[in-house]
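Open the model in your viewer and keep the sequence panel beside it. The tour below goes from one selection to the next and says what is there.

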Amino acid sequence: MNMELSRRQFLAAAGAGVAGSALGAFGFGAVESAHAKAIRDFKLVNTTETRNTCPYCSVACGIIMYSKGDLKKGESAEIVHIEGDTDHPTNRGTLCPKGAALLNFVKAETRLKYPMIRKPGSDKFEKVSWDDALDRIARLLKDDRDKNFIQRNNDGVTVNRWTTTGFLAASATTNETAWATYKVVRSAGMLVFDNQARV
Ligand code: SF4
């Protein structure tokens, strides 16, 4: 179709958001297809959504982590984007600047990913397995409690105190996990109990 296209007509068509189809109708099909090719795929296409909780503070905002890589095919999953969970009652999709930068936290080279121990006299931390770490923690807790547990005070009143070991919990847990943690710590007699958000 031969048709005179004024600059005003061209801008009107583009401004109405129908530039591609208008150009095609005016005989600019090549432009339309070039325009279509230039549009990138939505970056979250083919990603897996995983819901989680921001680990930074006690507000415990809900997040969605988007990852690529199919574990069932032996691929390793890689988180490519994190955003607020719009369905979460706490934050309804919003995140503060720290939460909005969570992807950097996940990919930080200094991020701790496994238990580490600095042995007595050593100047460096070494990686240990979870089994070794949990066995060692249990052993040290038991030994210390057996040695220092106070069943009665000087007046003979039952107090059941364990004051020589403390417990630092995380705030980014579920209510159920927090409840179980509290019960274990308090029923063991531990008085020194805190968490990262001090709540
Ligand atoms: S996004 Fe901000 S306010 Fe929400 S839990 Fe994370 S650090 Fe706290």
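Select Arg152 and Thr158: in this predicted model, Arg152 in β6 stands opposite Thr158 in β7. Now add Ile150 and Arg161, because these two also face each other, with Arg161 in β7. Strand β6 covers residues 150-152, and β7 covers residues 158-169. Two bridges join β6 to β7, and the two strands run antiparallel.

Next, follow the chain from β6 to β7. The hairpin has five residues between its strands. Which residue of this hairpin takes a positive phi? Select Gly156: its phi is near 85 degrees.

Move to the far end of β7 and select Ala169. Its bridge partner is Asn195, in β8. Here the pairing is in the parallel sense, and β7 and β8 share five bridges.

Now show β6, β7 and β8 together. They form an open sheet of three strands, in the order β6-β7-β8, with mixed pairing. Why is one side of β6 and of β8 left without a neighbour in the sheet? Both β6 and β8 (190-195) stand at the edges and have a single partner strand each, so one side of each has no neighbour there. Look along the sheet as well: neighbouring strands are turned by 25 degrees against each other on average, direction ignored.

As background, the strands of a sheet pair through backbone hydrogen bonds, and the pairing is either parallel or antiparallel.

Go back along the sequence and select β1, β2 and β3. This is an open sheet of three strands too, ordered β1-β2-β3, and its pairing is antiparallel. The edge strands are β1 (48-53) and β3 (78-84), and each of them pairs on one side only. From one strand to the next the twist averages 30 degrees. Select β2, residues 62-68: six bridges join β1 to β2, and these two run antiparallel. For one facing pair, pick Thr50 and find Met65 opposite, in β2.

Then show the ligand. Which residues are around the ligand? Select Cys54, Tyr56, Cys57, Val59, Ala60, Cys61, Asn91, Leu95, Cys96, Lys98 and Gly99. Colour this shell by residue class: eight of its residues are nonpolar, two are polar and one is charged.

Turn to the helices, starting with α6, residues 130-148. How many residues of α6 are buried? The count is zero among its 19 residues, and the helix is hardly covered. Put a distance label on its end C-alpha atoms, which are 27 Å apart. That agrees with the expected span, because 19 residues at 1.5 Å a residue should span 27 Å.

Select α7 next, residues 175-187. This helix has 13 residues, and from its first C-alpha to its last it reaches 18 Å, close to the 18 Å expected at 1.5 Å a residue. Helix α7 is also hardly covered, with a count of zero buried residues. Step just past α7 to Gly189, which takes a positive phi of about 95 degrees.

Finally, zoom out to the whole chain. It contains seven helices and eight strands. Of its 199 residues, 7% are buried. Consider the contacts between residues at least 6 apart in sequence: 39% of them join residues at least 24 apart.

Notes:
Residues are numbered from 1 along each chain as its sequence is written. This is a predicted model: local features need pLDDT of at least 70, side-chain atom pairs count only at pLDDT 80 or more; totals for chains, interfaces and linings use all residues. A residue is near a molecule or strand if its C-beta atom, placed from the backbone, lies within 6 Å of it. Ala, Val, Leu, Ile, Met, Phe, Trp, Tyr, Cys and Pro count as nonpolar, Asp, Glu, Lys and Arg as charged, and the others, Gly among them, as polar. Two strands pair if DSSP finds at least two bridges between them. Helices (H or I, at least four residues) and strands (E, at least two) are DSSP runs, numbered from the N terminus. Axes are lines fitted to C-alpha atoms, for helices over the stretch in contact, and angles run from 0 to 180 degrees between N-to-C directions. The expected span of a helix is 1.5 Å times one less than its number of residues. A residue is buried if 20 or more other C-beta atoms lie within 10 Å of its own, exposed if 12 or fewer, and partly exposed in between; C-beta atoms are placed from the backbone. Two residues are in contact if their C-beta atoms, placed from the backbone, lie within 7 Å.
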